[in-house]
Amino acid sequence: MKNKINLYLIEYAINAILRQKAKSFFIVFVFTLLTFLLTSVFFITSSLKYELDATVDSLPQIIVQKIKAGRHYDIDEDVVDTLLGIEGVEDAVARVWGYYYFANAGVNFSVVGLNEYEKQYKNSFEKIVKKIELEKDDKSFMVVGRGVQKVMNKSYYKEYFNFIKPDGTLKKVNLGGVFDADTELESNDVIVMSKDSAREIFDMDEDKATDVVLKVANPKEVRTIVSKIKSIYPDTRIITSDDLKVSYQNIFDYKSGIFLALFIVSLFTFFIIIYDKSSGLSSEEKREIGILKAIGWRVDDVLKEKFYESFIISFFAYTLGVGLAFVFVYMFQAPLLQNIFVGYSQLKTDFELPFVFDFQTLFLVFFLSVPIYIGATIIPSWKVATLEADEVIR
Amino acid sequence: MIELKNITKIYEINKSDKVIALDDINLRIKEGELVVLKGASGSGKSTILSLIAALSKPTSGEVIVDTKKISKLPDNFASVYRRDNIGFIFQKYNLIPTLSVKENIILPLVPLNPDASDIQNKLDIVTNRFNISHKENAIVRNLSGGEQQRVAIARANINDPKIIIADEPTANLDEKLSLHFIEILRELKVLNKTIVVATHDPLFFGLDFVDREIEVHNGKIVV
Amino acid sequence: MILTPEVLAILILDVIFAFFGVIAFILSIKIFFGWNLESVSQGQYKLEKQSFLTATIIKYIFVIKVPLFLFFIFTLDKISHVLTGAMCAAGVVDATPYGTYLFILKIINLYLFAYWLVLHNEDIKHENQPYTKLKFGIFIIAFFFFIAELVVEWVMFASINVDKMVSCCGTLYSSSADSAISSIFSIDTPILLSLFYGNFFFIVVFYFLKRKYLFAISNLLFIVISIISLIVFFGTYIYELPTHHCPFCFLQSDYYYVGYLIYTLLFIGTFYGIVTGFVKESEKNITKNYKISMMFNFFYVILLSLYPIVFYIKNGVWL
């Protein structure tokens with residue numbers, strides 16, 4: 001038995017595919033579309049995960065929040081001193097931050113307050129504090145992300161912005177600079193100002209903060225430290241960076257899971273259509289098989305040829321779908337589709353999906369498409385291959 | 001060389017509907033003979049051909065070709081037997097119009113995945129013999145009726161089979177092409193092939209190079 | 001319940017396999033009880049046609065199963081990042097009581113399906129198809145293992161609890177643990193090694209004596225003994241760490257993916273060994289099977305033995 005690949009059979013299979021232009025085109029089209037959508041979704045999630053992992057790594061290891069009546073509440077700043085006393089805690093900083101809703105544009109800004117005399121919990125903040133004075137000559141300054149700047153410009157705020165305080169009065173904060181953070185994802189909607197200004201805007205007391213972030217000397221001790229904090233302050237909620245990572249991964253998996261569920265439905269519909277179309281054999285096709293058998297093709301040969309046909313079509317469509325997804329996601333930045341995952345907000349759409357090459361995604365899409373298509377053709381191909389030749393060639 | 005022994009073939013359309021295509025027939029064809037089976041449509045002559053080609057199995061009886069019992073061969077073996085021993089000429093040529101002459105002729109050999117030189121050799125032999133070597137790469141649908149006929153016959157001969165089977169070969173042809181076909185049959189006879197032709201075309205009757213004419217009527221051979 | 005896209009893909013394919021598997025099973029039963037090559041009835045012709053379908057289905061399942069198995073291992077690896085405590089695929093396997101059984105079933109099924117295909121190929125070479133009933137009978141039995149694998153796979157993935165802490169290979173593969181695997185660690189190393197090399201020695205002997213059945217049986221035993229030896233002894237020399245017994249970690253890039261080579265050599269070597277005894281092929285093929293089996297097994301043993309030897313040469317001591 002010759003084991004080298006039968007080029008003649010492949011050629012014949014390709015010819016057979018081309019002989020049924022309409023049907024082949026339809027299958028390739030639908031198949032490509034499905035793989036395209038699926039691969040795009042996976043590419044997007046991989047990229048976002050990558051971005052987020054990078055982001056999460058720059059986030060604090062432990063965040064301590066005060067919980068009152070099941071809700072997040074301002075925490076006392078002096079908690080910081082107690083926490084610093086715990087073994088293993090390298091650093092503790094009280095954060096003042098929150099979301100400011102800008103009604104005109106219908107977007108939320110993330111407002112972060114920094115105290116220049118404190119050690120910052122993020123390198124990018126360190127840089128800002130060094131570069132710009134957030135309070136100078138009785139004026140307040142802020143540094144904003146690019147997305148924020150765009151939105152403000154649209155509402156004709158170019159040099160400053162008027163925040164509306166909870167009591168209805170205005171607070172004017174001047175634009176001191178634009179963020180150049182390491183990852184756009186985190187900085188796009190961020191405004192950095194002095195802690196005092198932030199407190200003003202949110203009407204927070206001087207000795208209160210939004211939460212406290214901790215830096216831990218040995219990351220493996222995070223869990224132990226968390227339990228220690230909980231025993232000292234039972235009314236707190238503690239979030240670690242691992243928790244964040246897992247929850248992001250879960251959100252992505254959840255969202256891509258929903259998408260996948262929809263995909264499965266369409267896949268099974270496709271399966272049924274394929275089955276239907278292949279079973280309804282034209283008399284033309286039946287005659288052709290009858291001729292092949294009459295001139296000496298065995299059932300196994302016909303089956304092989306049919307398999308080559310299915311494989312060629314599905315693999316071709318798979319490759320095409322993946323290629324198109326590649327172009328769509330990484331060159332055109334996946335318009336529309338991206339929004340499902342990033343959240344439809346004007347501020348968040350402006351960053352570049354990093355190129356993440358994941359073999360597993362390619363295999364995943366392959367397993368979800370090619371074997372299913374070939375499976376759908378097994379029974380129809382078999383029916384054709386086992387036709388009684390003599391009845392067909394009369 | 002070909003022997004049908006007590007052959008009965010019954011087609012079961014469904015549980016209650018049966019058609020007796022052949023009723024206990026006996027037939028012997030010697031090597032190198034050219035036999036014409038004549039009879040109306042449905043008389044059973046096409047069934048005899050399928051049995052000889054191992055395209056169908058008899059309900060009872062034996063088909064023996066060259067001392068080998070071929071009636072109950074499993075499908076894969078039957079196909080191999082057919083490929084190696086039978087050249088089939090169909091009613092409507094049954095060529096694939098969008099493929100070239102060469103691709104059509106080598107079709108029986110495709111599953112074997114032979115060497116390119118081997119294929120070319122066999123191809124050259126038949127294209128030269130049947131005069132279409134100059135059109136090897138032409139697309140079949142662009143050929144004339146006569147040329148297509150020769151391609152069909154070349155395909156039937158690519159594996160140098162011992163037996164040629166033709167089922168109503170001239171049914172769709174005009175007189176000129178029919179006569180042309182008969183000439184080719186004469187050539188094949190010269191090559192000492194065993195030829196069985198099923199036809200009700202009167203052009204075949206009374207030909208000088210036909211060894212026997214056998215009449216088939218209602219599933220029985222008329223003596 | 002863990003529901004990443006990869007897991008979903010595997011589960012979907014399982015459903016499809018089950019669908020086709022059941023068809024093949026029903027047809028196998030019909031063929032097993034009704035096959036009569038001599039018969040000229042419509043029924044027999046139908047069975048002949050259906051035997052093609054069954055063979056096609058089994059080929060299809062096998063061809064996808066092999067890469068899917070690799071994909072399965074990758075998926076376990078990926079899941080391990082979400083499970084607390086799991087550091088590689090081993091942790092995921094042991095997150096539920098079903099993991100080890102699933103693995104064993106998967107390997108058994110790979111052997112069973114491959115064996116069926118070899119038997120089938122031999123069967124159709126003969127005009128009288130002598131092994132038809134046998135092969136379909138074997139499939140009827142194999143079907144139960146096959147369905148068991150699919151069911152266990154579904155159950156396993158369904159019961160993985162993301163919040164439950166999982167032990168990793170350090171604690172699992174040690175004699176102090178009480179999982180099913182740990183019992184193998186109670187065997188003394190010298191005894192284990194003599195079993196391993198002894199078994200290989202018998203394989204060589206039976207190869208030269210050309211005793212098919214003994215050869216095949218010793219290959220069958222070899223599967224079990226070599227995997228145990230790999231986990232208990234040789235693995236530690238690959239990792240150069242006396243406590244690292246994980247059978248999965250050396251599939252990763254850190255160890256140059258040597259795991260794939262090791263398992264492939266073992267599978268092919270033992271598979272062809274089993275085939276020599278349990279599939280009646282032509283003389284030429286049997287000789288070929290003997291050779292392939294011997295060669296692959298030989299390379300497997302050499303490869304494994306090299307690790308401790310090289311370690312000793314480099315460091316002057318054993319672990």
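B:Leu37 has its bridge partner in strand 9 of chain B, and that partner is B:Ile214. This is a predicted model, so take everything below in that spirit. Strand 3 (residues 34-38) and strand 9 (residues 212-217) of chain B run parallel and are joined by four bridges.

**The sheet in chain B**
- Strands 3 and 9 sit within an open sheet of six strands, ordered 6-7-8-3-9-10, with mixed pairing.
- At the edges you'll find strand 6 (86-89) and strand 10 (220-222) of chain B, each pairing on one side only.
- Ignoring direction, neighbours in this sheet are turned by 25° against each other on average.

**A helix in chain A**
- Helix 11 of chain A covers residues 299-331, 33 residues in total.
- From first C-alpha to last, helix 11 of chain A reaches 47 Å, close to the 48 Å expected at 1.5 Å a residue.
- After helix 11 of chain A comes A:Gln333, with a positive phi near 60°.

**Where chain B meets chain A**
- Here 22 residues of chain B are in contact with 23 residues of chain A.
- On the chain B side, helix 1 (45-52) and helix 2 (75-85) each chip in at least two residues.
- Helix 2 of chain B gives the largest share of that side, six residues.
- Sorted by class, the side of chain B that touches chain A has 10 nonpolar, eight polar and four charged residues.

**Where chain C meets chain B**
- This contact takes seven residues from chain C and 11 residues from chain B.
- The chain C side splits into two nonpolar, two polar and three charged residues.

How values were computed
Residues numbered from 1 in each chain as written. Chains lettered and ligands numbered in written order. Predicted model: local features only at pLDDT ≥ 70, side-chain atom pairs only at ≥ 80, totals over all residues. Pairing = 2+ DSSP bridges. Axes fitted to C-alpha atoms, helices over the stretch in contact; angles between N-to-C directions. Expected span 1.5 Å × (residues − 1). Contact = placed C-beta atoms within 7 Å. Nonpolar A, V, L, I, M, F, W, Y, C, P; charged D, E, K, R; others polar.
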